[in-house]
Amino acid sequence: MLLPLLLWLFLRSPSLAAQNRCVDAAEACTADTQCQRLRTDYVAQCLGPAPPGGCRRARCRRALRRFFARGPPALTQALLFCPCGSPTCAERRRQTFVPSCAFSGPGPAPPSCLAALDACEHSRVCRPRLLAFQAFCSPAPGAPDGCPRDQAPNCLRAYAGLVGTHCRDRGAGGVLPVPPPGWTDYSVLWVPAGTAVTPNYLDNTSARVAPWCDCGVIGNRQEECEAFRGLFTRNRCLDGAIQAFDSGWPPVLPDQLDSRQDLEHRLLQVSSADQPLEGCSMLSMLLVLALRPLL
């Protein structure tokens, strides 16, 4: 009687029974060889050895771009857009792509969004990705719902394409984009070396996203700055695409996780058999179940 009870407790424990789709997405990626290899690579680049007080941002962001370019879209997007109903799930989602290296920095304070935008427009990596995001995710006033028709999947792909954008360094200090005619406040345009237009979730209580920048002191380009940041923070087309993805949770994930559920079913069948299991077999099964949330 002891073994069936222990197995039942493991399978029904709150940490395993509670629905956390970000955990499901991570497990599905782990079960796919290509997805797991690419994810392991970006984690190693973003969290690997680095100079004191910093990280290898260019390598980290390059590995993230490879993850989204070469990984199975259903699995990479599931990790990026997994729906959450609790702060624990939302925090896992926010931390999935190592924001301490890929999202923020290198300076202690976010740069001007206008400076980041100008730097992106002069970057061969960032510019085409931003143009795709604007084309597929910007509101379309003439459309019935105000958004480009049938473009939600393209909008999500374009958004994912921005993750890991990196403006090439120019010199040791940073990037100074070419200002418009008559511009005098050069300090506002200064961009720290390695600035990116990489969006991420802002907190663990909502699904709000934005790049790491602000529009605090912009001068006569305040409206332009707010319009750029609003593409992420006030974009009903992007919000609608993410919600549509959530409501149509990718069917590939249940398929990827069938093997895990089959294992649980077999373990329960064995535990209810008449013949007792040897101690080592029981411990092995319990160890698998205990470690499952960490995979």
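The axes of helix H3 (residues 21-31) and helix H6 (residues 73-81) come within 8 Å of each other and cross at roughly 150 degrees. Here axes are lines fitted to C-alpha atoms, for helices over the stretch in contact, and angles run from 0 to 180 degrees between N-to-C directions. H3 and H6 are therefore roughly antiparallel, on a scale where angles under 35 degrees count as roughly parallel, over 145 as roughly antiparallel, 65 to 115 as roughly perpendicular and the rest as oblique. H3 passes H6 in a left-handed crossing; that term applies if the near helix is turned anticlockwise from the far one by less than a right angle, and a clockwise turn is called right-handed. On the H3 side, Ala25, Ala26, Ala28 and Cys29 meet Leu75, Ala78 and Leu79 of H6, where contact means heavy atoms within 4.5 Å.

The model is predicted, so local features need pLDDT of at least 70 and side-chain atom pairs count only at pLDDT 80 or more, while totals for chains, interfaces and linings use all residues. Residues are numbered from 1 along each chain as its sequence is written, and side-chain values use heavy atoms, with hydrogens and water left out.

Stepping back to the whole chain, 16 helices and four strands are found. Both are DSSP runs numbered from the N terminus, helices being H or I with at least four residues and strands E with at least two. Of the 295 residues, 45% count as buried, meaning under 20% relative accessible area, with exposed over 50% and partly exposed in between (1.4 Å probe, protein chains only). Among contacts with a separation of 6 or more, 73% come from residues 24 or more positions apart.

A second helix pair is H11 and H14, which pack at an angle of about 105 degrees with their axes 9 Å apart. H11 and H14 are therefore roughly perpendicular to each other. Ala152, Cys155, Leu156 and Tyr159 of H11 make this contact with Leu238, Ala241, Ile242 and Phe245 of H14.

Helix H13 is another partner of H14. The buried residues of H13 are Cys225, Phe228, Gly230, Leu231 and Phe232, and they pack against helices H9 (113-121), H10 (126-137), H11 (152-162) and H14 (236-247), as well as strand S4 (209-210). How far should the twelve residues of H13 (residues 222-233) span at 1.5 Å a residue? The expected value is 16 Å, and the end C-alpha atoms are 16 Å apart, which agrees; the expected span is 1.5 Å times one less than the number of residues.

Finally, the structure holds ten disulfides, each a pair of cysteine sulfur atoms within 2.5 Å. One of them joins cysteine 46 to cysteine 60, S to S 2.0 Å. Cysteine 46 lies in helix H4 (residues 33-47) and cysteine 60 in helix H5 (residues 57-70), so the pair ties together parts that are 14 residues apart in sequence. The torsion about this S-S bond is about 85 degrees, so the disulfide is right-handed. Both cysteine 46 and cysteine 60 are buried.

Another disulfide is formed by cysteine 147 and cysteine 237, with sulfur atoms 2.1 Å apart. The pair links distant parts of the chain, 90 residues apart: cysteine 147 is in the loop between H10 and H11, and cysteine 237 is in helix H14. Which hand does the link of cysteine 147 and cysteine 237 have? The torsion about its S-S bond is about -100 degrees, so the disulfide is left-handed. Cysteine 147 and cysteine 237 are buried too.
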